[in-house]
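Me: Please take a close look at one part of this model, the side of chain C that touches chain A, and then set that part against the rest of the assembly. I would like a connected account that I can follow with the structure open beside me.

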Amino acid sequence: MSLLEEGIASTAGVGISATRPDGKEKARGDFLFSNDLSAEDMLWGQTLRSPYPSAKIRKIDFSQALAIEGVHAILTADDVPGENIFGLEHPDQPVLAFDMVRYVGEPVAIVAANHPEVAKKAVDAIYVDYEQLDPLVNSQEAIEAGPIHPEGNVIRHMVINHGDPDANGNITVEGEYEVGMQDQAFLGTESGIAFPSADGGVDLHISTQWLHSDRDQVASALNLPDDLVRVTLAGVGGAFGGREDVSMHVHLCMLALYTGRPVKMVYDRNESFLGHVHRHPAKIWFRHSADESGALVKVEAKVILDGGAYASTTSAVLANACCFSVGPYRVPNAFIEGWGVRTNNPPCGAMRGFGNVQTCFAAEAQMDKLASALSMDPVELRLLNALKSGDTLITGQKITGTAPVKEVLTSLSEHPIPDGVKGDLLELPGGTGRTTDNSHVKRGIGYAASIKNLMFSEGFDDFSEARCIVVDGKVSIQSACVEVGQGFVTLVNQIVEETLGVSEAAILPVDTSIGSAGSTSASRQTWMSGGAVLKACEAVVDALVLELQKEIGVEYERVGLNLVPKDSSDSIAIAVALRGRNFDEHVTHRHLPTFPLDHNGQGNAHVSFAFAAHRAVVDVDQELGLVRVVEIATSQDVGRILNPVQARGQIEGGVTQGLGLALLEELVLTDGKIANANFTDYLLPTAMDTPPIEIAAFIEQPEPGAPFGAKGIGEPPVISSTPAIVAAIRDATGFELNRVPVKPEDIALNGL
Amino acid sequence: MGIPQESSQYELTVNDSKYVISGSWLGESLLYVLRERLGLYGSKNACEQGECGSCSVMMDDVLVCSCLVLAANAEGRTIKTIESVADGSDLSDVQEAFIDTGAIQCGFCTPGLLVTIHDFLDSNPEPEESEIKEAISGNLCRCTGYGRIVEAVQLVSIRRSNRDT
Amino acid sequence: MDFLIASSTEDLCELLAEDPTRQLLAGGTDFMVEVNFRHRDISGVIAIDRIEELKQWRHDGDSVLIGSCVTYREIERGPLSTLIPALAQSARTIGSPQIRNAGTIGGNLATASPAGDMIPVLLALGALVNVRSRSGVRQLQVGELITGVKTNSLREDEFIESVRVPVLSGPQEFLKVGPRNAMVISVTSLAMVTDIDREYIGIALGSVSASPCRSTDAEHFISENIDWNNMTVQSGAIENFERLVRESASPIDDHRSSSAYRTHTIGVLGRRALLRIFRLED
């Protein structure tokens, strides 16, 4: 029986903290990121971007730029060989702007030169005659405003109508909430290198999250058949959703094909902020009504996501935000309306958490408001309403998998609370700024819980291919699954160890010579590509058993890492049996199908769900509005832990990003222009901002249908961490705080 | 030619080797030269502003951001990068600790952190947790949340004192 | 287009006299950011960070003479941190360990950012800046050197040679507000220094005006309410003191913060610094 169906306890590879196979290379500085690639004879590419959020392009004159010595090519929209349009979910964005620009940073022209400085000088020398227009920057107004794009301003509008609209409880709480624009801010900026090839095609080496989606969009723009566009994964310096969309891909290929030389491009940090999609800012109104015991009766919400100039994944993000808006609770009646709108703000798309983040912030604030109105403990209120297996979501889908929300909440609330002792300077708000003494500090504690849908939804045919190749007993795995740091490469080794008893697999270069593994996003790769690798290894075992039967007439059966014969002759280790033999098994793994939502937002649209809860302890200097996060504790529903250290890494990293959204991170927009597209003013948490992160519990209830019973881990940590921190600040100060990130002045000047 | 403000030749001493740089643009940072001219890609560029520490190197035994050093002004100085941290071995004890504790995810911040931590432990062999955090406060990591990195430093400190006793 | 390394202050004087358009490079922590992002066109550069005299400091009785190329790091740690604690406190908040190893006191002054962290401390202490050219040396008060946002009064052929910083006999404080605990540009900052023997209090503010400024009205007012023998301050004076500190600030709204927050917090910093140095007299 397959481990896919069974989820057996492991004896070997899976479940231990195996160290990552690329750790040594990365520690030595030898690991090649896309930024580190180079080639003989290569040119440097650079992009001219729009300085305006909305403008007509009257004319582009690059004659002066072309005359600069060292410049080899300047290309514009006219030079796009195929369709000058692309898009992750839906093509609505030009490769290079032709008649209009719709956001600050929109690519207008590309340059190739013999030195990056020459390329930059050339970009500066290109003259574009713009006719500026008034930008549309208010997401609420966008719904009714004149269209800023031929496809209109409403990228998606949806409703969820579930239950009885006239149902009402005794207690009602209402609120308006706002989430600012967060950025993925991966450290390795966008970069890649494209090589023209003799067959008229192009080889693109780039860091990305989804090779095949890139390949398809590039091929369409270059008017080339798929097999002439070969994408190879270069080392990825973090992603978090920001690499799911095409950025420089087509540009690089165009320059390479035009000049006949390899072309490298690297975005600097400022350009990186302009060059990828961001987390959707959100405006959310909620009304919760409950009966006097605290049981939720009805939830209503209106959600507006600002998608910026182009669609990207706004449609799917909106669906998530709406479907999971109420949180991990049983809600018999729910009426949610959501809009994903187009504005002249920077385009938004995937960022870890993908829509669940925004509504969770608001919904968890609502739960605390409700608890307060009922004089109930916030954890008790959540426990009372917690979903469990067999419950129905507001989309009408029944949870057939595991849903240990109660266990998650209980284990967290039982986790010891840190001491109230304030230690030295560095433990006070303000740190080395020496602003604060003990007497200025008030402590607060807050909780929040979340639900995240795993994998893709609404009927998307998601699959992952993998290949297990055995040559003389040595195992190689081929998969197009992108490693962005999460540790998939470690898991591959663990799976091979687990199924074949072979301690190290070679992982072949990740490229488009094999079929798609889908995106490294949506907390899906362990299930999908881990599942595919598992399936491929098991196919090898099956083939081995067949071969042995043919060869020696013995019928073996697989038991753990051994083949045990049906008669009582000797068993043999799989790893030993593989020696001297060759196999090549190529499989495709799919999850059970999902279905679209109907016009009432009802349908079995999702595969599986993961739950988490977070507790934050903060010390607040209310007069100055400075917050020190003392500790964040969490419990998470994981199905099964495949690698404890890597799981912890996902949680600690995700919680820190949640802390960033709570207190530090926002792209500040003024009329569509980003004021802080740099690390001086877009503030990532440093080591001095990040508290100890305690894992109260991993709740392991194996998920049916999931390889090894394991649920994806990556996104839940980012979702309820933010509202837990804000809840803690509310506890310390008594202030409402309806917006994240919370700025010091939101606290210091509150009510003044 | 064609490069604006071409600089005259200068010599750099990096990881005990001497290199002659010629035909370069004066404004090139040490980070750029290390990477694009000397092929030492270990030091990383994540901001070019001194706000992330990914480009950290040792210059005359002092920890600096190589993106903020004018390459031509590094002449006559001793430069050590991540490539020399293992000092002839496969891995230094700090590099090993990073692997052991799971302090590496995407790995982009790792070289800068390793250089920083080697320097820090040289003058602070038994640090408090708060001292470790302050020492690495100039190194941004987006993947790990720093927890395993701090643990790696503590592990090195323990292993070194066990070895010495 | 040239790159030169000055070997001594005399050498530097000559190189600048020869071509005053040459730009000076010390720690590079501001300079190189501008070069990297093409906000600074460099045609001629003189590196001054090899000049030994500029990297030294000495204690001369009641003051310290600090070479302009002394780094933040040296000021943060070691003997200077005991002699001028507030300057060391401000140094500790600048940038990161990497930045502090390279950045210099001369650079902090010459860049003249409204948020330059050392500047309020030097102002409050009444530091004097020695500025030199081939024609000679002149001495400027910090407020004379820094004339506006990122504007200094150095002549083309001049450089900052050293800073003479009084060593005071009394507690001193530097407080800085920022939204993050490391690598943060100050949103507001305040330096308060005292000399018990001279019954002197100096208060200077950062990030709340075009250039850091002294809060002279607040200084005068509170001086009248301080008992230097007991190091106490009248509790009834605190509110007015805080108001005077606020009124000496003229902050702006920008993408980092608002003028309202800056105004509010500068008063709070003033009060807190005061109450660290002085006890309340009932």
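Reply: In this model, which is predicted, the rule finds 20 residue pairs in polar contact across the interface of chain C and chain A, counting pairs in which both residues are at pLDDT 80 or more. On the chain C side, the elements that contribute two or more residues to the surface touching chain A are α5 (85-92), β11 (172-177) and α12 (259-277) of chain C. Of these, α12(C) gives the largest share, with nine residues. Sorted by class, the side of chain C that touches chain A holds twelve nonpolar, nine polar and nine charged residues.

As for the extent of this interface, 30 residues of chain C are in contact with 38 residues of chain A, and the two chains bury about 2900 Å² between them, with 50% of that area on carbon and sulfur atoms. Seven salt bridges are counted between chain C and chain A. One pair to look for is E173(C) with R434(A), which form a salt bridge whose closest N and O atoms are 2.8 Å apart. Another salt bridge joins the side chains of D437(A) and R276(C), at 3.2 Å from N to O. This second pair crosses between the chains, running from D437(A), in the loop between α12 (405-413) and β16 (441-454) of chain A, to R276(C) in helix α12 of chain C. For context, a search of the whole structure, over all chains, finds 85 salt bridges.

Chain C also contains an open sheet of three strands in the order β15-β16-β17, with mixed pairing. Its edge strands, each of which pairs on one side only, are β15 (226-227) and β17 (279-281) of chain C. Strand β16 (residues 232-234) of chain C pairs with β17(C) in the parallel sense over three bridges, and within this pairing T232(C) stands opposite R279(C) in β17(C).

Chain A has a second interface to set beside this one, that with chain B. Here the contact takes 53 residues from chain B and 64 residues from chain A, while the area buried between the two chains is about 4500 Å², 57% of it on carbon and sulfur atoms. Seven salt bridges are found across the interface of chain B and chain A, and R148(B) forms a salt bridge with E652(A) in which the closest N and O atoms lie 2.6 Å apart. The count of residue pairs in polar contact between chain B and chain A, both residues being at pLDDT 80 or more, is 24. Several helices of chain B take part, since α1, α2 (93-101), α3, α4 (129-135) and α5 (147-164) of chain B each supply at least two residues of the side that touches chain A. The largest share of that side, four residues, comes from α1(B). By class, the residues of the side of chain B that touches chain A divide into 24 nonpolar, 17 polar and twelve charged.

Two of these helices can also be followed to a sheet in chain B. This is an open sheet of five strands in the order β2-β1-β5-β3-β4, with mixed pairing. Its edge strands, β2 (17-21) and β4 (62-65) of chain B, each pair on one side only, and neighbouring strands of the sheet are turned by 40° against each other on average, with direction ignored. Strand β1 (residues 10-14) of chain B pairs with β2(B) in the antiparallel sense over five bridges, and L12(B) stands opposite Y19(B) in β2(B). Helix α1 (residues 30-37) of chain B lies across β1, β2, β3 (56-59) and β5 (78-80) of chain B and runs at about 80° to β1(B). Helix α3 (residues 110-123) of chain B lies across β3 and β4 of chain B and runs at about 40° to β3(B).

Within chain A itself, one residue to inspect is E337(A), which lies in strand β15 (residues 333-341) of chain A. Leaving aside neighbours within four places in sequence, E337(A) is in contact with H157(A), M158(A), V159(A), A301(A), K302(A) and V303(A). With K302(A), the side chain of E337(A) makes a polar contact of 3.4 Å. E337(A) and C322(A) are separated by 15 residues in sequence and by 7.3 Å in space, from C-alpha to C-alpha.

Terms used:
Residues are numbered from 1 along each chain as its sequence is written. Chains are lettered from A and ligands numbered from 1 in the order in which they are written. This is a predicted model: local features need pLDDT of at least 70, side-chain atom pairs count only at pLDDT 80 or more; totals for chains, interfaces and linings use all residues. Side-chain values use heavy atoms; hydrogens and water are left out. Contact means heavy atoms within 4.5 Å. Buried area is the accessible area (1.4 Å probe) that two parts lose on being put together, summed over both. A salt bridge is a side-chain nitrogen of Lys or Arg within 4 Å of a carboxyl oxygen of Asp or Glu. A polar contact is a pair of N or O atoms within 3.5 Å; within protein, one must be able to donate a hydrogen and the other to accept it, and residues adjacent in sequence count only if both atoms are side-chain atoms. Ala, Val, Leu, Ile, Met, Phe, Trp, Tyr, Cys and Pro count as nonpolar, Asp, Glu, Lys and Arg as charged, and the others, Gly among them, as polar. Two strands pair if DSSP finds at least two bridges between them. Axes are lines fitted to C-alpha atoms, for helices over the stretch in contact, and angles run from 0 to 180 degrees between N-to-C directions.
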